[in-house]
Amino acid sequence: MKASKSSRPSKGSKASAASRSTGESDPVRPRGKAVGQGRSAGVRVGARPGARVGAAGHDRALEEPARPGGAGPRLRRRRLLVLLLLLAVLLGGFGSWVLYGSPWLRIESVSVTGTRVLSDSEVVRAAAVPDGEPLVSIDKSAVQRRVREALPRVREVTVERSWPHGVVLTVTERRPELVMEKAGKYVEVDSEGVRFATVGKPPKGVPLLVLEPGRPSAERYFSTARLRREAARVTDALPDSVHRATRAVRVGSYDDITLKLTGGRTVRWGSSEHGAQKARALTAVMKAAKDAEHFDVTAPSAPAASDS
């Protein structure tokens with residue numbers, strides 16, 4: 001009987017059988033398999049011996065950043081930092097010597113601006129700025145204090161350095177708002193009620209202040225300094241036309257201030273409170289009653305005027 005073709009072994013079967021009998025692997029590569037499929041076994045083709053491979057098959061050793069070659073750059077940076085610090089110390093020492101020890105920045109001159117009545121030499125003498133001292137070491141507060149103590153007429157003074165050798169004093173003098181007669185002379189009073197100078201004759205256009213406390217309580221509760229301040233506040237609130245016509249300010253008490261104007265006119269002002277309203281009321285009533293001699297604005301909402 002003839003054998004069928006299906007029972008006859010194929011060449012491939014023979015080769016497989018021979019391979020199994022000899023122990024050699026089948027050299028035929030299965031179709032569809034990638035060359036790098038061996039990664040699943042944890043070994044990468046071309047990897048260094050002993051290198052660890054991650055789950056995704058990457059060589060962790062190859063991904064590590066390269067370290068700088070030695071400590072050279074860090075050493076250079078440290079040296080640069082030391083040099084910079086040394087340079088800063090040297091420059092600081094030289095700068096201190098220039099400001100305090102060298103002859104280049106010393107006080108050689110003192111100038112004054114802003115004076116009206118005082119002379120520049122008076123201010124310079126009162127300031128007593130040490131000549132030849134380092135300009136940077138001048139004590140501004142001490143100079144200001146000496147000027148104000150020696151010259152009461154000075155209301156404010158500023159001290160500025162004028163490099164390389166000068167000092168500039170800018171003075172603001174007090175202005176008289178009132179004068180008080182005393183032993184044939186006149187004491188000037190500023191807008192704050194401060195007495196700051198005594199002169200031989202009253203300044204032109206400055207009203208005379210007359211303190212005449214009418215009640216003992218006026219002196220007991222309000223000092224003369226307070227009454228001077230109240231009178232100065234009144235003159236400061238006056239309209240310009242009334243201020244020019246004011247010859248005297250009489251103060252009987254805190255709320256009893258009366259103005260004496262040219263032409264025998266008087267104005268009863270009351271206290272210094274509500275000065276702006278009183279000034280507007282006085283201007284209006286003086287326009288309405290031009291021939292009146294006496295005016296009352298103690299109640300600015302109801303000013304009054306009369307002939308006698």
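User: Two strands pair when DSSP finds at least two bridges between them. With that settled, which residue does valine 249 stand opposite in β9?

Analyst: Leucine 259. Helices (H or I, at least four residues) and strands (E, at least two) are DSSP runs, numbered from the N terminus. This is a predicted model, where local features need pLDDT of at least 70 and side-chain atom pairs count only at pLDDT 80 or more, while totals for chains, interfaces and linings use all residues. Residues are numbered from 1 along each chain as its sequence is written, and side-chain values use heavy atoms, leaving out hydrogens and water.

User: How many bridges join β8 to β9, and what is the sense?

Analyst: 6 bridges, antiparallel. Strand β9 covers residues 256-261. A hairpin of 2 residues connects β8 to β9.

User: And in which sense do β7 and β8 pair?

Analyst: Parallel, over 4 bridges. Strand β7 is residues 208-211. There leucine 209 stands opposite valine 249 in β8. So valine 249 has a partner named in each neighbour: leucine 209 and leucine 259.

User: Why is β8 called largely enclosed?

Analyst: Because 6 of its 8 residues, in the run 246-253, are buried. Buried means under 20% relative accessible area, exposed means over 50%, and partly exposed lies in between (1.4 Å probe, protein chains only).

User: Switching to charges. How many salt bridges does the structure hold?

Analyst: 9. The criterion is a side-chain nitrogen of Lys or Arg within 4 Å of a carboxyl oxygen of Asp or Glu.

User: Which residue forms a salt bridge with glutamate 192?

Analyst: Arginine 155. Their closest N and O atoms are 2.9 Å apart. Glutamate 192 sits in the loop between β5 (185-189) and β6 (195-199), and arginine 155 in strand β2 (residues 154-162), so the pair ties together parts 37 residues apart in sequence.

User: How do glutamate 192 and arginine 155 count for accessibility?

Analyst: Partly exposed in both cases. Glutamate 192 has 37% relative accessibility; arginine 155 has 35%.

User: What about helix α7? Where are glutamate 230 and arginine 226 in it?

Analyst: They are 4 residues apart in α7 (residues 224-237), so about one helical turn separates them. They form a salt bridge, with the closest N and O atoms 3.0 Å apart. Glutamate 230 is buried at 3% relative accessible area, while arginine 226 is partly exposed at 27%.

User: Which other side chain does glutamate 230 meet in a salt bridge?

Analyst: Arginine 233, at 3.9 Å from N to O. Those two are 3 residues apart in α7, so again about one helical turn lies between them. Arginine 233 is partly exposed, with 45% relative accessibility.

User: Which residues do salt bridges that share partners join into one network?

Analyst: Arg155, Arg174, Asp190 and Glu192.

User: Which residues form the positive surface patch?

Analyst: Arg74, Arg76, Arg77, Arg78 and Arg79. A patch takes residues with over 30% relative accessible area and no salt bridge; like charges are joined within 9 Å, and nonpolar side chains (Val, Leu, Ile, Met, Phe, Trp, Tyr) within 5 Å. Lys and Arg count as positive and Asp and Glu as negative; His and the chain ends are not counted. A charge is placed at NZ of Lys, CZ of Arg, CG of Asp or CD of Glu. Areas are Shrake-Rupley with a 1.4 Å probe; for residues, only the protein chains shown count as cover.

User: Is arginine 79 buried or exposed?

Analyst: Exposed, at 54% relative accessibility. Arginine 79 lies in helix α3, residues 72-101.

User: Backbone oddities next. Which peptide bond is cis?

Analyst: The one from tryptophan 163 to proline 164, with omega near 10°. Proline 164 is in the loop between β2 and β3 (166-173).

User: What about phi at alanine 183 and histidine 274?

Analyst: Alanine 183 has a positive phi of about 55° although it is not a glycine. Histidine 274, also no glycine, has a positive phi of about 55°. Alanine 183 lies in the loop between β4 (178-182) and β5, and it is exposed at 79% relative accessibility. Histidine 274 is in the loop between β10 (266-270) and α9.

User: Last one. How far apart are alanine 281 and alanine 302 in space?

Analyst: 8.1 Å, C-alpha to C-alpha, with their positions 21 residues apart in sequence. Alanine 281 is in helix α9 (residues 275-288). At 8% relative accessibility, alanine 281 counts as buried.
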